[in-house]
Amino acid sequence: MAHRLRLSSPADILAAIPYLLGFHPADSLVVIGLEHAAVRVATRWDLPLLPGALDDLRPLLAREKADATVLAAFGEAALTAPALDDAVRLLAAAGIAVHDALRAHEGRYWSRLHPCPPGGIRYDAASHPVAAEAVVRGMVALPDRAALEHTVAPVTGAARAAMDRATEQAEREVWGWVEKADPAAYLADGIRRVRSAVECHERGGRLSDDDAARLGLALWLIRVRDEAWTLIDDHPAHVTLWRDLTRRLSPGLVTPAASLLAAAAWRTGDCALATMALDRALAAEPRYTMALILTEAIARLLTPDDVGERMPTPEQLDREMGPPLMSWFTPLLRRIADSGTAHATGR
C-alpha cells in the first residue's frame, strides 16, 4: 500500500476499507491480508459468493506473504454470515490467522469471533478520524460502485459530439495512410503518439479531441498498443490517460484504450476499476486477447508482477513481430467499418 494509515480497532478497519477499495462497498466480502500487521492486499467479492469464489484466495495470500487476515462483510446477516463462515474455514484450513471477522450494516458492526453486544457497536465511517486522515493523504472513496462505474462511462452531450467529429476526421486520415501503403510510417507515428500522450499527462495536460481520436485508432495496431502496455509503471499518468480515452473514444473503438486502463489500474491495486474497464473493452470486442488475459488474471487473483515479468521490451517486440505489414491495418479498418455502421444506425 502506498499510503500509511494506523488501524487499531474494528471501527478503524471498517472506516479504512472504502479507501482501500476506492468506494464504499455494499453486499460485499472484503479480505485484508496482513504481513507483520501491515496491510499487503485488500480484495472484495460480491455477495452471495459464487461456488468456488474463494478458491484463489490462498495462493494470493501466499504470494503476498500474508501471515494473518481481517475479514469484513457488508450487508444483512443472512447474506454475510455464510460468506464469513466459508472464509474463516478456508483460512483456518490453510493455517492463516484470522484476527477478526466483522459484519457491518447500517452504521453498526458485529464480530463473529469475539464477544459483541446483540445490537452491535455503532460506528460512523464518514466522520471517523481514519477517513479524515485518508482524505488528507490523497486517498479517495466514492459513494458506491456505481459512482466508480461512472468514471469510465462514455462522455455524452457536447463532449460526445465533438469527439465524434474528431473521430470521423481521424478515420479519413487512416484511409490516407492506407493509400500510401506505408505501415512502417503509420506505426512510427502511432508509437510517437503513445509516448507523447504519456508525457502530456505526466505534465498534467490532456489530449485534444483530434489527438485523442488519432491515438485511439492507432492503438488498434497491436504493436502500438503493446508500446503503451510496456510503458505502464506506477506513475498515475497512465491511469489518468487511459481513463480519459476510455471515456472519450467512441464505444465501438474503445477496446485497446480500456484494456490499457485495466492494466494501469491493476498495477496500482485498483482491481474494481480494472474490472470495469475490462467490461467496457469486452462489450465492444468480446474476443480481444489482452482484455481476456487480464480478466483471467484478475479473476485468479494474480498480481501484476505475475504478468509483468513476462512483458517484452519495445526492442523485443520489434524482433518478435518483424517488419510492419499492410495486414496490420486489418483490425483497425474492420473497427472503423463497424463504428461507421453503428453511427449510421444510431447505436
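**Exercise 1. Determine what share of the chain's contacts between residues at least 6 apart in sequence join residues at least 24 apart.**

Solution. Take the contacts in the chain between residues at least 6 apart in sequence; 70% of them join residues at least 24 apart. The model examined here and in the exercises below is a predicted one.

**Exercise 2. Assess whether the radius of gyration of the chain agrees or disagrees with that of a compact globule.**

Solution. Begin with the chain length, 347 residues, for which a compact globule would have a radius of gyration near 20 Å. The chain has 23 Å, and therefore the value agrees. Next, consider the extents: the C-alpha trace spans about 75 × 45 × 40 Å along its principal axes. Finally, turn to burial, where 48% of the 347 residues count as buried, that is, under 20% relative accessible area.

**Exercise 3. Describe the exposed surface and the charged side chains of the chain.**

Solution. The exposed area is about 16,600 Å², and carbon and sulfur atoms supply 54% of it. For the charges, count 38 positive and 45 negative side chains. The centres of these two sets lie 1 Å apart.

**Exercise 4. Work out the strand order of the sheet and identify its edge strands.**

Solution. The chain contains 16 helices and 6 strands. An open sheet with mixed pairing is formed by 6 strands, in the order 2-1-3-4-5-6. Strand 2 (38-46) and strand 6 (121-122) each pair on one side only and are thus the edge strands. At one edge, strand 6 pairs with strand 5 (residues 108-111) in the antiparallel sense over 2 bridges. Within this pairing, Arg108 stands opposite Arg122 of strand 6.

Terms used: Residues are numbered from 1 along each chain as its sequence is written. This is a predicted model: local features need pLDDT of at least 70, side-chain atom pairs count only at pLDDT 80 or more; totals for chains, interfaces and linings use all residues. Side-chain values use heavy atoms; hydrogens and water are left out. Helices (H or I, at least four residues) and strands (E, at least two) are DSSP runs, numbered from the N terminus. The radius of gyration is taken over C-alpha atoms; the globule rule is 2.2 Å times the number of residues to the power 0.38. Buried means under 20% relative accessible area, exposed over 50%, partly exposed in between (1.4 Å probe, protein chains only). Contact means heavy atoms within 4.5 Å. Accessible areas come from the Shrake-Rupley method with a 1.4 Å probe; for residues, only the protein chains shown count as cover. Lys and Arg count as positive and Asp and Glu as negative; His and the chain ends are not counted. The place of a charge is taken as NZ of Lys, CZ of Arg, CG of Asp or CD of Glu. Two strands pair if DSSP finds at least two bridges between them.
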